[in-house]
Amino acid sequence: MQHPMTQAIAAKFASLKPLLDERARRLWAAVEARALGRGGISVVAEATGLARATIRAGLQELALPVPATGPQPPTERLRRPGGGRKPLGTRDPHLLQALETLVDPVTRGDPMSLLRWTCKSAVQLAAALQAQGHPVSERTVNRLLHNLGYSLQSNRKTLEGRSHPDRDAQFQYINRRAKAFQKQGQPVVSVDTKKKELIGQFRNGGREWQPQGHPEEVHGHDFPDAALGKVIPYGIYDETTNTGWVSVGVDHDTAEFAVETVRRWWRHMGSAVYPKAKRLLITADGGGSNGSRCRLWKVELQKLANEVGLDIAVCHFPPGTSKWNKIEHRMFCHITENWRGRPLVSREVVVNLIGHTTTKTGLAIRSALDENSYPIGREVTEQQLENLAIKRDKFHGEWNYTIRPKT
């Protein structure tokens, strides 16, 4: 049977609780229990939800004599020094050293530690510590790592290797050339090969909306389909008009394929936008099918220049700086975003998804399948090189040159 004072005490406690700290609650509950007499501790505990031991502690404090100097003003500290559990580092002085040895084995501990080659998750670290005789939980490991200055981080692509001494000067040279061409109304394009893609029911990175519980099912292994194979998207990005062309090749990524893509862009897009063009500037990476040392690239560009009657100027980015190529972050990244989470089940799907890639800034892309054969291993003779109508710039002629048409 409930005590008649229970509800009254509960109502008072509900009003005072937000205003009382831990010590004040304890003393107030002790005063109420002492006023009720026998059974007061049980009544107050039921009404307030405080533990009986807490109320008894308050009664003991009330029974202590008041100092001669009178009641002391309250301080910020409510508990006696030394209370509570000791920090884990104090109870286990070797814990932090063992944790750092596991999480950073390159500088501390065994460099061939197996954990170095696995995910350094809190669960694995806690299990490894427990195996060494340190009883810790996953939550404790997380807290200790944060105290040590660690945090979960992904890889960051910042190491570019050795940079060429004229790296920045080449960037500035390309920028000046591009602005000069654009000021004169001449086309400036950025070219590159996108990552090869498997055709078939294969996993594609990213997530896409699907009915809950019904994800798109794909193959468990990325073994190329013998019939469908791979595709090689090669892109041309027009920096002035924010438009692009992508040829989806099915054979090999060669210089012949690269120049054929430039040819198709000019026929289907470039010639209509720049009907009075006399020159074309191409910015390209320093390696690959459009590399600065690729002989076939220059020979095929000579053929293109003869066909379209344009002076074709080429500026290559310095070694190790391909990520600065504008086509990478102006066009290719949006194509990847557009087909995220979708298996590229056919070549037609690839062409369609590329062609429907748009952005808020007005990017427009046209795409077509290139089923021609581009054999690898084609040799370029010294005679072919001598027949090139090539003029190399004074500044790094191996990176900057112009191929003029031969009539």
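**Entry 1: words before looking**

Helices (H or I, at least four residues) and strands (E, at least two) are DSSP runs, and their numbers start at the N terminus. I needed that to place His396, which sits in the loop between strand S8 (390–392) and S9. One reminder to myself: I'm looking at a predicted model.

**Entry 2: the odd phi angles**

I stayed with His396 for a bit. Its phi is near 50°, a positive value in a residue other than glycine. Is His396 buried or exposed? I looked up its relative accessible area, which is 16%, and the cut-off for buried is under 20%, so His396 is buried.

Asn242 also has a positive phi, of about 55°, although it is not a glycine. I found Asn242 in the loop between S3 and strand S4 (243–249). Asn242 counts as buried at 15% relative accessibility.

**Entry 3: the whole chain**

I stepped back and counted elements: the chain has 14 helices and 9 strands. Of the 407 residues in the chain, 38% are buried. I also looked at contacts with a separation of 6 or more, and residues 24 or more positions apart account for 71% of them.

**Entry 4: the start of the chain**

I went to Thr6, which is in helix H1 (residues 6–16). Thr6 counts as buried, at 3% relative accessibility. What does Thr6 touch, leaving aside neighbours within four places in sequence? I noted contacts with Val43, Glu46 and Ala47.

**Entry 5: the nonpolar cores**

Next I looked inside. The largest nonpolar core has 34 residues. Val191, Ile236, Trp265, Ile282, Trp297 and Leu301 have the most contacts inside this core. Which elements give two or more residues to the core? I listed strand S1 (188–193), strand S3 (230–238), H10, strand S5 (279–284), helix H11 (295–308), strand S6 (311–316) and strand S9 (400–403). H10 provides the largest share, 8 residues.

I picked Ile282 and checked its contacts, leaving aside neighbours within four places in sequence. Ile282 is in contact with Val189, Val191, Val262, Trp297, Leu301, Ile312, Ala313, Val314 and Cys315. There is also a second, separate core of 17 residues, and Tyr237, Phe332, Leu344 and Val351 are among its members.

**Entry 6: helix H10 up close**

H10 kept turning up, so I gave it an entry of its own. H10 has 19 residues and reaches 25 Å from its first C-alpha to its last. That is close to the 27 Å expected at 1.5 Å a residue. Where is the kink in H10 centred? I found it centred on Trp266, with an angle of about 55°.

**Entry 7: salt bridges**

My count came to 18 salt bridges. I started with one inside H10: the side chains of Arg264 and Glu260 meet at 3.1 Å, N to O. Why would these two be about one helical turn apart? Arg264 and Glu260 are separated by about one turn because they are 4 residues apart in helix H10. Arg264 counts as buried at 16% relative accessibility, and Glu260 is buried too, at 13%. I then saw that the pair is part of a network of salt bridges linking Glu260, Arg263, Arg264, Arg267, Glu307 and Asp370.

Arg378 and Glu256 make another salt bridge, at 3.2 Å from N to O. This pair links distant parts of the chain, 122 residues apart. Arg378 is in the loop between strand S7 (364–370) and helix H14 (382–386), while Glu256 is in helix H10 (residues 255–273). Arg378 is partly exposed at 35% relative accessibility, and Glu256 is partly exposed at 22%.

I checked one more pair. Lys194 forms a salt bridge with Glu197, with the closest N and O atoms 3.6 Å apart. Lys194 counts as buried at 8% relative accessibility, and Glu197 counts as buried at 7%.

**Entry 8: cysteines**

How many disulfides does the whole structure hold? I searched and found 0. I looked up two cysteines anyway. Cys315 is buried, with a relative accessible area of 0%, and I had already met it as a contact of Ile282. Cys333 is partly exposed, with a relative accessible area of 33%.

Key:
Residues are numbered from 1 along each chain as its sequence is written. This is a predicted model: local features need pLDDT of at least 70, side-chain atom pairs count only at pLDDT 80 or more; totals for chains, interfaces and linings use all residues. Side-chain values use heavy atoms; hydrogens and water are left out. A salt bridge is a side-chain nitrogen of Lys or Arg within 4 Å of a carboxyl oxygen of Asp or Glu. Buried means under 20% relative accessible area, exposed over 50%, partly exposed in between (1.4 Å probe, protein chains only). A disulfide is a pair of cysteine sulfur atoms within 2.5 Å. Contact means heavy atoms within 4.5 Å. A nonpolar core is a set of buried Ala, Val, Leu, Ile, Met, Phe, Trp, Tyr and Cys residues joined through side-chain atoms within 4.5 Å. The expected span of a helix is 1.5 Å times one less than its number of residues. The bend at a residue is the angle between axes fitted to the seven residues ending there and the seven starting there.
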